[in-house]
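Open the model in your viewer and keep the sequence panel beside it. The stops below each give something to select and then say what is there.

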Amino acid sequence: MLQDLRAALGPQGCLTGADVPEAARSDASRTGHDLPLALLRPASVAEVSAALAICHRHGVAVVPQGGMTGLAGGAQPQTGQVALSLSRLAGVEEIDGEAMAMVVRAGTVLEVAQKAAEAAGFLLPVDLGARGSCQIGGNIATNAGGLRVLRDGMTRDNLLGIEAVLADGTVLSQMTRVVKNNTGYDLRHLFAGSEGTLGVITRAVIRLRPLPGPRGTVMAALPDFASVLRLLAMARSALPGLSAFEAMWRDYFTCSQSHLTHVVFADPPPFAVILEADEGPALEALLEAAFEEGVMTDALIAQSFAEARRFWAVREGLEMDAAMPGLINLDVSLTTGRLDDFARACRVALLARFPGAHVSFYGHVADSNVHVAVHVPGASDAEVHEVDAIAYGVVRDFGGSISAEHGIGTLKRDWLGYSRGPAELAAMRAIKAALDPKGLLNPGKVLPG
């Protein structure tokens with residue numbers, strides 16, 4: 001098999017032994033430990049097809065890999081499996097200004113595609129913190145969310161067309177550029193969020209939007225969650241250009257700010273909100289009305305891009321990861337009005353089991369998505385698993401989703417039944433069996449055993 005793969009992909013397209021980089025073991029969750037039998041690096045759709053056909057013929061499992069920025073263990077191989085990286089299948093093929101669409105290869109880094117769209121006078125709407133290393137194919141495979149879902153939707157909402165290769169090497173191409181396409185089963189939405197279990201995404205057509213005008217960025221202090229909900233309602237009504245509405249509970253804001261060199265609020269409020277919208281009188285009028293109602297107790301308006309980035313640095317909390325090794329970041333979704341009820345119940349449940357743990361909450365409140373940051377010093381794998389079980393148990397009690405935007409992979413697989421019913425799981429297994437009857441594409445991911 002390896003000889004066939006080397007012949008099909010060339011010496012740079014099939015790495016084995018000591019040539020396989022350590023990075024092929026794990027995504028950003030750092031839970032993968034096994035090097036793959038080989039790391040395949042096809043440089044064309046034809047090479048992806050050939051590689052999958054060879055592996056299919058030999059009955060060897062293939063694990064697709066993008067930028068390896070995922071947090072659910074979805075791109076991690078096991079011993080004896082082959083990893084397939086899309087990094088060499090990269091580049092923007094075309095920007096169609098009339099159709100407002102971009103044709104892009106799966107291995108293209110998101111930020112590269114964003115800059116290409118901007119240079120042509122357009123906005124690529126998908127945006128997330130890992131933009132500098134995540135890849136378009138991985139964004140589609142996990143249906144990535146990110147910072148602008150409030151205005152622009154998830155990745156699948158911005159996907160016009162898709163090309164993917166099935167386990168046996170068959171190429172499915174639905175690279176349409178039209179918005180209206182009502183021609184039966186929608187393959188683009190089938191593959192979006194499938195995490196490489198149905199096929200390997202090779203190319204896509206992404207919907208572009210006009211470049212927005214200058215944005216105003218506000219960091220506001222609020223007294224309670226009811227005020228957060230009220231400010232969100234006011235912003236939705238008053239700001240047609242509202243693009244972000246992010247909330248931080250006090251514990252998270254305090255912790256994140258303490259690891260930065262700058263101070264936004266010296267006295268951390270019960271809730272802090274970052275709000276972004278088009279600059280102009282509407283934004284100023286909203287802030288004035290919110291102060292008059294007592295919804296906000298303080299607000300800072302960024303006077304520069306650098307100051308806006310300082311606001312976002314508190315929300316992104318990257319320094320927390322370095323300061324608290326093993327920090328667990330859970331990503332769940334619940335009805336917006338119950339996010340604080342969930343946070344309270346989840347905090348109580350986690351601290352009852354781990355009294356000395358750090359537990360804090362932040363997230364995309366307007367998108368009904370909250371992240372749970374948990375640090376149990378020196379936690380074993382079993383204790384991390386227990387943290388997951390406790391938090392997802394509360395999610396189930398509240399009727400929420402165990403994954404808002406990070407996917408399922410292996411780390412959430414055992415709890416998928418908390419959010420999807422038996423009939424849904426059976427339908428998923430039927431789709432998997434139809435497209436990958438040998439079960440060779442990313443086995444063990446998403447679906448419980």
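Start by selecting Asp340, which sits in helix H12 (residues 339–353). The model you are looking at is predicted. Is Asp340 buried or exposed? Its relative accessibility is 9%, so Asp340 counts as buried, the cut-off for that being under 20%. Now add Arg344 to the selection: the side chains of Asp340 and Arg344 make a polar contact at 2.9 Å. Then show what else touches Asp340. Apart from neighbours within four places in sequence, Asp340 is in contact with Phe225, Trp249 and Phe271.

**Strand S14 and its partners**

Select residues 271–278, which make up strand S14. Seven of the eight residues of S14 are buried, and the strand is mostly covered. Next add residues 215–222, strand S12, which pairs with S14 in the antiparallel sense over eight bridges. To find one of these bridges, pick Arg215; its bridge partner in S14 is Asp278. Then add residues 244–249, strand S13. S13 and S14 also run antiparallel, joined by six bridges. Here, pick Phe245 and look across to Leu275 in S14, which stands opposite.

**Strands S5, S6 and S10**

Select strand S5 (92–96) and strand S6 (101–105) together. S5 and S6 form a hairpin, with four residues between them. Met100 lies in the turn and has a positive phi of about 50 degrees. The two strands pair in the antiparallel sense over four bridges, and Val92 has Val104 in S6 as its bridge partner.

Now add residues 200–207, strand S10. How many bridges join S6 and S10? There are five, and the pairing is antiparallel. One to pick out is Ala101, whose bridge partner in S10 is Arg207. With these strands on screen, colour S6 by burial: four of its five residues are buried, so S6 is largely enclosed by the rest of the structure.

**Helix H3**

Select residues 110–119, helix H3, and show the side chains of Leu110, Ala113, Gln114 and Ala117, which are buried. Why do these four lie on the same side of H3? They cover an arc of only 105 degrees around the axis, which puts them on the same side of the helix. Then turn the view to the face of H3 that points away from its buried side, where you will find the exposed residues Lys115 and Ala119.

To see what covers the buried residues of H3, bring back S5 and S6, and add strand S7 (122–123) and helix H4 (136–141); these are among the elements that do so. Just beyond the helix, select Gly121, which follows H3 and has a positive phi, near 90 degrees.

**Salt bridges**

Side chains of opposite charge can pair when their charged atoms come close. In this model the count comes to 24 salt bridges. The following picks are among them.

Select Asp96 and Arg177, whose side chains meet in a salt bridge at 3.1 Å, N to O. Asp96 lies in strand S5 and Arg177 in the loop between strand S9 (171–174) and helix H6 (187–191), so the pair ties together parts that are 81 residues apart in sequence. Asp96 counts as buried, at 15% relative accessibility, whereas Arg177 is partly exposed, with a relative accessible area of 30%.

Move on to Arg230 and Glu293, which form a salt bridge with their closest N and O atoms 2.9 Å apart. Arg230 belongs to helix H7 (residues 225–238) and Glu293 to helix H9 (residues 281–293); the pair links distant parts of the chain, 63 residues apart. Arg230 counts as partly exposed, at 37% relative accessibility, and Glu293 is partly exposed too, with a relative accessible area of 45%.

Next, select Arg413 and Asp414, whose side chains meet in a salt bridge at 3.7 Å, N to O. Asp414 is partly exposed at 48% relative accessibility, and Arg413 is partly exposed with a relative accessible area of 23%.

For the last stop, select Glu93, Arg105, Glu163 and Arg203 at once. Which kind of link joins Glu93, Arg105, Glu163 and Arg203? They are linked in a network of salt bridges.

Terms used. Residues are numbered from 1 along each chain as its sequence is written. This is a predicted model: local features need pLDDT of at least 70, side-chain atom pairs count only at pLDDT 80 or more; totals for chains, interfaces and linings use all residues. Side-chain values use heavy atoms; hydrogens and water are left out. Buried means under 20% relative accessible area, exposed over 50%, partly exposed in between (1.4 Å probe, protein chains only). The arc is that of the directions from the helix axis to the C-beta atoms. Contact means heavy atoms within 4.5 Å. A salt bridge is a side-chain nitrogen of Lys or Arg within 4 Å of a carboxyl oxygen of Asp or Glu. A polar contact is a pair of N or O atoms within 3.5 Å; within protein, one must be able to donate a hydrogen and the other to accept it, and residues adjacent in sequence count only if both atoms are side-chain atoms. Two strands pair if DSSP finds at least two bridges between them.
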